[in-house]
Amino acid sequence: MAKVHVIARFVAHEGRENQLRALLQGMLIPTRAESGCELYELYESDSRGHFYLSETWESQAALDRHMATPHFERLNKTGGELVREPFEASRSIS
């Protein structure tokens with residue numbers, strides 16, 4: 001089974017950095033508890049309002065299950081109002 005690695009990038013609207021940070025931090029505990037999640041870390045850039053999630057999933061199926069969770073849906077729904085650019089995600093498979 002191939003592991004899936006994801007780097008997701010988020011850029012907050014000016015003045016919405018704290019709200020986006022809180023939303024992303026709220027993803028950590030429930031996501032790390034998911035079956036198939038091997039790594040889920042949040043990083044904040046030195047560039048104000050830039051956030052990155054580094055993820056490793058045991059398989060594409062595990063990532064697909066993650067994207068169907070209520071907390072991921074909340075991120076999609078609420079996060080769109082907080083970012084000035086569309087979410088960007090890069091994947092690799094190993």
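What covers the buried residues of H1? In this predicted model, the cover includes three strands, E1 (4-11), E2 (37-44) and E3 (50-57), together with the helices H2 (60-66) and H3 (70-82). Helix H1 itself spans residues 17-32. Its 16 residues reach 23 Å from the first C-alpha to the last, close to the 22 Å expected at 1.5 Å a residue.

The residues of H1 that are buried are Glu17, Leu20, Leu23, Leu24, Met27, Leu28 and Thr31. Seen down the helix axis, these buried residues fall within an arc of 165°, so they line one face of H1. A helical repeat helps in reading this pattern: an α-helix has 3.6 residues a turn, so residues three or four places apart point the same way. On the face of H1 turned away from the buried side sit Asn18 and Ile29, and these residues are exposed.

Next comes the sheet against which the helix can be placed. Four strands form an open sheet in the order E2-E3-E1-E4, with antiparallel pairing. E2 and E4 (88-93) stand at the edges and have a single partner strand each, so one side of each is left without a neighbour in the sheet. From one strand to the next, the twist averages 10°. Within the sheet, E1 and E3 are joined in the antiparallel sense over eight bridges. In one of the pairings, valine 4 has tryptophan 57 of E3 as its bridge partner.

Helix and sheet can now be viewed together: H1 lies across E1, E2 and E3, and runs at about 165° to E2.

Technical notes
Residues are numbered from 1 along each chain as its sequence is written. This is a predicted model: local features need pLDDT of at least 70, side-chain atom pairs count only at pLDDT 80 or more; totals for chains, interfaces and linings use all residues. Side-chain values use heavy atoms; hydrogens and water are left out. Helices (H or I, at least four residues) and strands (E, at least two) are DSSP runs, numbered from the N terminus. The expected span of a helix is 1.5 Å times one less than its number of residues. Buried means under 20% relative accessible area, exposed over 50%, partly exposed in between (1.4 Å probe, protein chains only). The arc is that of the directions from the helix axis to the C-beta atoms. Contact means heavy atoms within 4.5 Å. Two strands pair if DSSP finds at least two bridges between them. Axes are lines fitted to C-alpha atoms, for helices over the stretch in contact, and angles run from 0 to 180 degrees between N-to-C directions.
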